[in-house]
Amino acid sequence: MEKQSKKDIMFERMKEKKKEVRVVRRIVLIVALILLVIIGIAGFQAYNYISSALAPVDPDSEEVVTVEVPIGSSLDSIAALLEENGVIEDARIYKYYVKFNNESEFQAGTYDLLPSMTLDEITESLKSGKVYHEPLFTINVPEGLTVEEIAENVIAEKTSHTAEEFLAKIEDPAYIEELMIKYPELLTDEILGENIRYALEGYLFPATYPIYEEDPSLTLLIEQMLDTTQANVLQYQAVLEENDRSPHWLLTFASLLEEEATAQSDRQTIASVFYNRLDDDMPLQTDPTVIYAMGEHKDRLFNTDYEFEHPYSTYQNKGLPPGPIANAGGSSIEAVLDPADTDFFYFLADSEGTNHFAKTYEEHLANRDEYIGN
């Protein structure tokens, strides 16, 4: 075999090197493609994660989450608190979001937030000190309505539920039992009394309620009202306990004032009349209880109506009726707890709705002749 020349050997080596370079290039290309795929997947996942973290946790949620922000809380602790309570997806993303938008001066307080709130709404709430969430619509429950009127004039008018469905819900024993477990201090055994017409009569607080979903459930609507009643009534729990009184007693008394009075001063004075009559073991003799007992609206009562025998009639029975006859507002509740100091035992309203008070029956008759006639 002839020896290879130096030139041939050089060419062979060059071929080998070219081959090695091609292999290296292929390897580099393959590795680069793999890295690009990995980076692309990671980037896509990161994009999805960040997008998810910037969106509401649950756009359809109706759950109210109470978050307590202590005084002096830092952005780190607030973000962690929001994530812990399920109001935001990721505390770090929220911190970057807040810093990027140059937001600051968050206020301490108690916030009823929803997982359906946007980061803007949460941030605005923490800055303003009040929950900022745009409702889809509102439901207004006026003062002085019965549950039947709420069913017909509020629920049936403003939601997809019928009055019959609403009344069936609040008459469901199993549901009432659930509510009594959920609101043990507010809903006591008194609401189950033998003569009670509706367990929740007087417990659906009059207010304007924001609704954050298109078709709210009856449970949501009812418990929104009960939450508001609880907040308005249990603030007086210590006073009630001191005087051996219950929330049921307070709401029953307040409902009478709600139906009789037209002004705050009237409420306090009428409250004093009722207290004076109760102290003297006199029947309250308030017309709205007769109307409620009869179960029908009447613009005027006749002598035979006052003879109608029913547990709710305060003409036929002494003391308060078995339960509330309507939903009382805050002014009536306050008047029960802070009545005027008077010697009045009687009152009547003239055709303009103005109340006239009297200390004696003779004075009362004189007021009747002057302001009402025969």
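## Salt bridges and a helix pair

Searching the whole structure turns up seven salt bridges, a salt bridge being a side-chain nitrogen of Lys or Arg within 4 Å of a carboxyl oxygen of Asp or Glu. This is a predicted model, where local features need pLDDT of at least 70, side-chain atom pairs count only at pLDDT 80 or more, and totals for chains, interfaces and linings use all residues. Residues are numbered from 1 along each chain as its sequence is written, and side-chain values use heavy atoms, with hydrogens and water left out.

Here are some of the bridges:

| Pair | N to O distance |
|---|---|
| Lys95 and Asp76 | 3.1 Å |
| Asp90 and Arg92 | 3.7 Å |
| Asp281 and Lys318 | 3.1 Å |

Take the Asp281 and Lys318 pair: Asp281 sits in the loop between α11 (264–279) and α12 (287–294), and Lys318 in the loop between α13 (303–306) and α14 (330–337), so the bridge ties together parts 37 residues apart in sequence. Lys318 is exposed at 51% relative accessibility (exposed means over 50% relative accessible area, buried under 20%, partly exposed in between, with a 1.4 Å probe and protein chains only). In the Asp90 and Arg92 pair, Asp90 is buried at 6%, while Arg92 is exposed at 54%.

Now for the helices. α7 (residues 173–182) and α8 (residues 218–233) pack at about 40°, their axes 12 Å apart. That makes α7 oblique to α8 (not under 35 degrees, over 145 or from 65 to 115). Tyr175, Leu179 and Lys182 of α7 meet Thr219, Ile222, Glu223 and Leu226 of α8, with contact meaning heavy atoms within 4.5 Å. Those contact residues split into four nonpolar, one polar and two charged.

Key
Axes are lines fitted to C-alpha atoms, for helices over the stretch in contact, and angles run from 0 to 180 degrees between N-to-C directions. Helices (H or I, at least four residues) and strands (E, at least two) are DSSP runs, numbered from the N terminus. Ala, Val, Leu, Ile, Met, Phe, Trp, Tyr, Cys and Pro count as nonpolar, Asp, Glu, Lys and Arg as charged, and the others, Gly among them, as polar.
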